[in-house]
Protein chains: 2
Amino acid sequence: MDSVLRRRGLMLVLSSPSGAGKTTIARRLLAEDDNLEMSVSATTRPKRPGEVSGVDYHFVDKTSFNLMLNRSELLEHARVFSNFYGTPRGPVQAALSRGEDMLFDIDWQGTQQLRESARDDLVSVFILPPSTHELEVRLTRRAQDPPEVVAERMAKAADEMSHWPEYDYVIVNDDIDRSVAKVRAILTAERTRRDRLVGLGEFVRGLQAGG
Amino acid sequence: MDSVLRRRGLMLVLSSPSGAGKTTIARRLLAEDDNLEMSVSATTRPKRPGEVSGVDYHFVDKTSFNLMLNRSELLEHARVFSNFYGTPRGPVQAALSRGEDMLFDIDWQGTQQLRESARDDLVSVFILPPSTHELEVRLTRRAQDPPEVVAERMAKAADEMSHWPEYDYVIVNDDIDRSVAKVRAILTAERTRRDRLVGLGEFVRGLQAGG
């Protein structure tokens, strides 16, 4: 803690169309900030070579996933093809109570669900690419990508971008260092918000009484 | 501008009990930030030697002050003894429209009035001293200050401190560099708030259309 006050942790959501630089920003934040951790999702999809259970995902079977869902133990969940993904509530709530912040790399649908289940703890940031050209460059992963594949990715990005009005902050990622600095400033600012501070009334009464 | 987007300026209010370090923080912010300017108040009190009209205050007579008041040309005003002080609305609105931010060094009563007249543009920060001892040290300006004078200043500070729940952000000033960095982060974060950005819908439509 860098303050005499305790505070409740916050949930930082980064969303963006694929290709806007979100993953790079998230990695740099996690590397630089000791009080920020990535939220680990539960998933029913099979573990891939090199993935570590509890680090990349919590790998669970469909029965366990449904049990969590029915017990309202998931803050948000989604189905992608035949696989399920979700954010377990317990570890997030425990971290927030300890004053630790959690980072979420989720899309607008997941963010909407988090907003319903944890509005006061949520800080949402939308990352936009500086231009369509820049986005197209980043979405063309290989030189031999057929134009229709790139066009499909662009269409998906255009759809995702339409959700910017649902976010607290919007950053146009025209410079990665500046964008990281902006998200870091958002974290610092949100950590000093009056309504996240715990025991402030008591602290001020102490000051007034001569503490 | 450090972004492809335009934005509306904001009104940054710093309040604190006298002796908590607010003036030092304000001076450092103004020196470091090219897009932040101090709001200049109008006052009916006589100009003191060394003061410059339009820099320290706009010096006006009581008739002019009352005219501004009656025409709703003041964002907030206060009477201190027999003198009047107020914030002219015009220069502030012009600066905000140009995307420039204004700094206000006003107490909780002025902040309440600003909140009523310009809620969406307001970002309010309350600075607290780290301890009563520290506050007492800072309020004892001269070694020969009689104890009852210091006690009176402490009582006034205690009264002012009771207004912390009305502010967006609260900073305990236990380290001046850290406190300046926090207010700077608040400025950076608030400048990327979605609802201050101008023309964002148009920008995103351009991206979607291939701009």
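Which residues touch the most other members of the largest nonpolar core? Keep that in mind as you look through these close-ups of a predicted model.

**View 1. The largest nonpolar core, with Val125 and Leu128 of both chains picked out.** This core has 91 residues, and Val125(A), Leu128(A), Val125(B) and Leu128(B) touch the most other members. In soluble globular proteins, nonpolar side chains tend to be buried together.

**View 2. Leu128(B) and what it touches.** Leaving aside residues up to four places away in sequence, Leu128(B) reaches across to Val204(A) and Leu207(A) of chain A. In its own chain it touches Ser16(B), Ala20(B), Met161(B), Trp164(B), Val170(B), Val172(B) and Asn173(B).

**View 3. Where chain B touches chain A.** Each chain puts in its share here: 35 residues from chain A and 35 residues from chain B. On the chain B side, the elements giving two or more residues are α6 (147-161), β10 (169-172), α7 (176-191) and α8 (200-209). The largest share comes from α7(B), with six residues. Sorted by class, the chain B side has 20 nonpolar, eight polar and seven charged residues.

**View 4. Helix α7(A) against helix α7(B).** Two packed helices are described by the angle between their axes and the distance between the axes. Here α7(A), residues 176-191, packs on α7(B) at about 115°, and the axes are 8 Å apart. The crossing is left-handed. From α7(A), the contact uses Lys182(A), Ala185(A), Ile186(A), Thr188(A) and Ala189(A), while α7(B) brings Lys182(B), Ala185(B), Ile186(B), Thr188(B) and Ala189(B). That makes six nonpolar, two polar and two charged residues in this helix pair's contact.

**View 5. A hairpin in chain B.** Strands β6(B), residues 74-80, and β7(B), residues 83-88, run antiparallel and are joined by six bridges. Look for Leu74(B), which sits opposite Pro88(B) of β7(B). Two residues lie between the strands, and Phe81(B) in the turn has a positive phi of about 55°.

**View 6. The five-stranded open sheet of chain A.** Follow the strands across in the order β3-β8-β2-β9-β10, with parallel pairing. At the edges are β3 (36-38) and β10 (169-172) of chain A, each pairing on one side only. Neighbouring strands are turned by 25° against each other on average, direction ignored.

**View 7. Zooming in on β3(A) and β8(A).** The edge strand β3(A) pairs with β8(A), residues 101-105, in the parallel sense over three bridges. Leu36(A) has Asp101(A) in β8(A) as its bridge partner.

Notes: Residues are numbered from 1 along each chain as its sequence is written. Chains are lettered from A and ligands numbered from 1 in the order in which they are written. This is a predicted model: local features need pLDDT of at least 70, side-chain atom pairs count only at pLDDT 80 or more; totals for chains, interfaces and linings use all residues. Two residues are in contact if their C-beta atoms, placed from the backbone, lie within 7 Å. Helices (H or I, at least four residues) and strands (E, at least two) are DSSP runs, numbered from the N terminus. Ala, Val, Leu, Ile, Met, Phe, Trp, Tyr, Cys and Pro count as nonpolar, Asp, Glu, Lys and Arg as charged, and the others, Gly among them, as polar. Axes are lines fitted to C-alpha atoms, for helices over the stretch in contact, and angles run from 0 to 180 degrees between N-to-C directions. A crossing is left-handed if the near helix is turned anticlockwise from the far one by less than a right angle, and right-handed if clockwise. Two strands pair if DSSP finds at least two bridges between them. A nonpolar core is a set of buried Ala, Val, Leu, Ile, Met, Phe, Trp, Tyr and Cys residues joined through C-beta atoms within 7 Å. A residue is buried if 20 or more other C-beta atoms lie within 10 Å of its own, exposed if 12 or fewer, and partly exposed in between; C-beta atoms are placed from the backbone.
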